[in-house]
Amino acid sequence: LFAVSNLMQIALERCKTARCAIETMGKTAEKYGFYGEDPESGETLTVTDNSETWIFNIASADCDRKGNWDGPGAKMRAAWVGQRVPEGHVAVSPNLFTIKEIDPDDKENFMFAEKIHEVAVAKGLWDG
């Protein structure tokens, strides 16, 4: 079970690029679990290297709105998504999730948890 500070440390130790850091943090949390300040909280990070900037949103996937640790996300442990900031653009990272739509076919600009859509439906965040 990892907090965002642990995930950042792992990414800094293992990665040379922002893309690698996003994938490493997401897949590590997906496999071993993520926890925020409370069952419904998550984190937003901005990760940058010399060529790219990515926004990373992560939340616990295996608890429901009441903090029960079961449901469709129970095998996943974390719901995460990364979106590349296009060249020449600016991104603002307030203390809330900013990635609202994911293009699953655009692998160059989006990375996300394998079952992100199932978890979003189960939590009432997306109607599919």
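What follows is a short chat about strand pairing and a disulfide in a predicted model.

Me: Which strands does S1 or S3 pair with, and in what sense?
Reply: In this predicted model, strand S1, residues 42-48, pairs with S2 in the antiparallel sense over 7 bridges, and S2 in turn is joined to strand S3, residues 79-84, by 6 bridges, again running antiparallel.

Me: What joins S1 to S2?
Reply: The link from S1 to S2 is a hairpin of 4 residues.

Me: And which residue in S2 stands opposite Thr-44?
Reply: Thr-44 has Asn-57 of S2 standing opposite, while on the pairing with S3 the bridge partner of Phe-56 is Gly-82.

Me: How many residues of strand S2 are buried?
Reply: Of the 7 residues of S2, which spans residues 53-59, 6 are buried, so this strand is largely enclosed by the rest of the structure.

Me: Switching topic, how many disulfides does the count come to?
Reply: The count comes to 1 disulfide, and that disulfide is formed by Cys-15 and Cys-20, whose sulfur atoms lie 2.3 Å apart, within the 2.5 Å cut-off.

Me: Is the disulfide of Cys-15 and Cys-20 left-handed or right-handed, and why?
Reply: The disulfide is left-handed, because the torsion about the S-S bond of Cys-15 and Cys-20 is about -60 degrees.

Me: Is Cys-15 buried or exposed?
Reply: Cys-15 has 14% relative accessibility and therefore counts as buried, the cut-off being under 20%.

Me: What about Cys-20, then?
Reply: Cys-20 comes out at 26% relative accessibility, so Cys-20 counts as partly exposed.

How values were computed: Residues are numbered from 1 along each chain as its sequence is written. This is a predicted model: local features need pLDDT of at least 70, side-chain atom pairs count only at pLDDT 80 or more; totals for chains, interfaces and linings use all residues. Side-chain values use heavy atoms; hydrogens and water are left out. Buried means under 20% relative accessible area, exposed over 50%, partly exposed in between (1.4 Å probe, protein chains only). Helices (H or I, at least four residues) and strands (E, at least two) are DSSP runs, numbered from the N terminus. Two strands pair if DSSP finds at least two bridges between them.
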